[in-house]
Amino acid sequence: MDQFTINLLFVGASFALYIGIAIWARAGSTSEFYAAGRGVHPVTNGMATAADWMSAASFISMAGLIAFTGYDNSTFLMGWTGGYVLLALLLAPYLRKFGKFTVSEFIGDRFYSQTARIVAVICLIVASTTYVIGQMTGVGVAFGRFLEVSNTAGLLIGACVVFAYAVFGGMKGVTYTQVAQYVVLIMAYTIPAIFISLQLTGNPIPGLGLFGDHAASGEPLLQKLDAIVKELGFNEYTTHHSDTFNMVLFTLSLMIGTAGLPHVIMRFFTVPKVSDARWSAGWALVFIALLYLTAPAVGAMARLNITEMMWPNGASGEPVSVETIGSEQQYNWMATWEKTGLLGWEDKNGDGKIAYFNDKDADTVAKMEAAGWGSQNELTKFNRDILVLANPEIANLPGWVIGLVAAGGLAAALSTAAGLLLAISSAVSHDLIKGSINPQISEKGELLSARIAMAVAIAVATYLGLNPPGFAAQTVALAFGLAAASIFPALMMGIFSKKINNTGAVAGMLAGLVVTLIYIFLHKGWFFIPGTNSFTDADPLLGTVKSTSFGAIGAAINFAVAYIVTGMTKELPQDIKDLVESVRIPRGAGAAQDH
Amino acid sequence: MAEQTTTSSSAQASDQNYWSANLRIIFISLIIWALVSFGFGILLRPMLAGITVGGTDLGFWFAQQGSILVFLALIFNYAWRMNKLDREYGVEED
């Protein structure tokens, strides 16, 4: 059986499974549509949250980012998991006790302000939309590579599948589909990693293999990696090269942003009890950790494998020849990925060899020239995003593993897309239509409007996925900045303060939002129009603070402004103080509803 | 809207104590949270450089593995202690 058929089989079978679940878990009420009837077991909910949270970025990009930078990109590992501690301790149980359907609804009720609710809805829609564009683009790319269909056709198939289970199933359908998607994606991520860890270190657990010994040389794996990349003029893998202050701030921004992303927070509305919301956050992190503890091993091992393939006899031997790349089976992946344009090499000095080294480092260039390999790096292009997808081929693993990785990448992108679309549609139907335009709408009418909102959101996301705006990649910083600077502080103050009033909260959110937006626009261009930026992230406005790290400062501004403005305005009404009291105590939360 | 809290002052005092106990657990947990990630993983890494772990130092291990494991322990510990606290103060759900 050829690779194409195997890929088709794996992807087709996983899609059939998702559709089957959609038919089984059709939502009949708004409670089922928005919160799966609040009947989801904490372990199940944790698994669904993990699939919801781990997007194409975690599955496809993260290990590549770590592989080519090393220690400095540990920020992603700590930032994207540390946010769950904030969620579990500061938000999840209280929002579950509050017992409504959306994040903006809590902000609107707690700050007794329609304006606060609308500001929250806008942040939520902007953050979710920018996120969903990236997921849809990822779906197109993964299809294009594995099923050899055009990007457009791939994207349309993906959109139809999401439509089927999200529009009909709502949160109920999405939750149970995400459980299946989690299983597919975690197997797809860990199975190749286990194989590779066994090959390189003899240890079946990649996270332990990373700190084990390299079987072929007997040296510790990381020491071996440090030595070989250093010889080629790159930064040592395990040492700290980036600015420490920015690294701390970026990690903190990722943590606060994670805890403020609405599609993750709303998952905690679906469990039966407050105590379940606490457990559920823990289970979510267990399932996320399975991938996040494996990712650094995938990164380091792939970096070592690739470097050794380019220098089969070590950095002091000969580089790999063009002929070997073209003829030997273990180099087949290079030809396959060259076709996608994401990988490239060129024999610049015509010696028949492809020398891979850091040609920005003068000492290494001198050494390479002396050895006769020329002064230029000849592995001209290596897109970070192909690392995870190409990894099984690089390690020469069997065809079914490659098919599994194809299905896993799609599962990661689709599950996150569905969660985001659900957050958007509930904000539109529940907060905008029922909350302000037509409060008298019947349950049936609201359910219908939620489905229409979802269908429109999918259509818009598909269109934007087909014609991605040039700024899609930059806007991820925006999504995290918005979540960190506006939503998280408002929620936290709403629970932990009995002082912050409506004016204070609105002023805080707007201040955090506006300052963060301005800082991002100053560095990435106004409304992301190229050339309109006054600063770059290489040389930022405030010392070493990159625009991607500004979310934490935006959050601090939000807190400060809210406290100052509250001090100058009217005291909080008694009924809101009672609301805060009741949110803090689990007793009396709505019992589990039908399943 | 969630149900009204009771008006008797002893119940209110008990709820206050429950909330203070909760804040104490949160505060300690967040100190550990910051210590293992920003501390051991980044700022204090040079101080831990002497302790080697598989070809590198302890700080690198905390940044790529250890902090995540501690985060997990923190969340489960919090859930367990709070669910116990709920019962002690009689504020659990039925």
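**Briefing: a loop, two helices and a chain contact**

S150(A) sits in the loop that lies between helix 7 (114–147) and helix 8 (151–201) of chain A. The model is a predicted one, and this briefing starts from that loop residue before turning to helices of chain A and then to the contact of chain A with chain B.

**The loop residue S150(A)**

- S150(A) counts as exposed, because it has 12 C-beta neighbours inside 10 Å and a residue with 12 or fewer is placed in that class.
- Although S150(A) and G140(A) are ten residues apart along the chain, the separation of their C-alpha atoms is 8.0 Å.

**Helix 4 against helix 14 in chain A**

- Two packed helices are described by the angle between their axes together with the distance between those axes.
- Helix 4 (residues 56–69) of chain A packs with helix 14 (residues 295–310) of chain A at an angle of about 50°, and their axes are 8 Å apart.
- That angle makes helix 4 of chain A oblique to helix 14 of chain A, and the crossing of helix 4 of chain A and helix 14 of chain A is right-handed.
- On the side of helix 4 of chain A, the residues that take part are M62(A), A63(A), I66(A), A67(A) and F68(A), and they meet a set in helix 14 of chain A that includes A295(A), P296(A), V298(A) and R303(A).
- By type, the residues of this contact between helix 4 of chain A and helix 14 of chain A divide into ten nonpolar, one polar and one charged.

**Length and burial of helices 14 and 19 of chain A**

- Helix 14 of chain A has 16 residues, which at 1.5 Å a residue should span 22 Å, and this agrees with the 23 Å between its end C-alpha atoms.
- Of the 16 residues of helix 14 of chain A, 13 are buried, so this helix is largely enclosed by the rest of the structure.
- Helix 19 (residues 399–437) of chain A has 39 residues that should span 57 Å at 1.5 Å a residue, and its end C-alpha atoms, 54 Å apart, agree with that.
- Helix 19 of chain A is likewise largely enclosed by the rest of the structure, because 33 of its 39 residues are buried.

**The contact between chain A and chain B**

- The contact takes 48 residues from chain A and 41 residues from chain B.
- On the side of chain B that touches chain A, the elements giving two or more residues are helix 1 (9–43) and helix 2 (58–88) of chain B, and the largest share, 17 residues, comes from helix 2 of chain B.
- The residues of that side of chain B divide into 23 nonpolar, twelve polar and six charged.

Conventions: Residues are numbered from 1 along each chain as its sequence is written. Chains are lettered from A and ligands numbered from 1 in the order in which they are written. This is a predicted model: local features need pLDDT of at least 70, side-chain atom pairs count only at pLDDT 80 or more; totals for chains, interfaces and linings use all residues. Axes are lines fitted to C-alpha atoms, for helices over the stretch in contact, and angles run from 0 to 180 degrees between N-to-C directions. Helices (H or I, at least four residues) and strands (E, at least two) are DSSP runs, numbered from the N terminus. Angles under 35 degrees count as roughly parallel, over 145 as roughly antiparallel, 65 to 115 as roughly perpendicular and the rest as oblique. A crossing is left-handed if the near helix is turned anticlockwise from the far one by less than a right angle, and right-handed if clockwise. Two residues are in contact if their C-beta atoms, placed from the backbone, lie within 7 Å. Ala, Val, Leu, Ile, Met, Phe, Trp, Tyr, Cys and Pro count as nonpolar, Asp, Glu, Lys and Arg as charged, and the others, Gly among them, as polar. The expected span of a helix is 1.5 Å times one less than its number of residues. A residue is buried if 20 or more other C-beta atoms lie within 10 Å of its own, exposed if 12 or fewer, and partly exposed in between; C-beta atoms are placed from the backbone.
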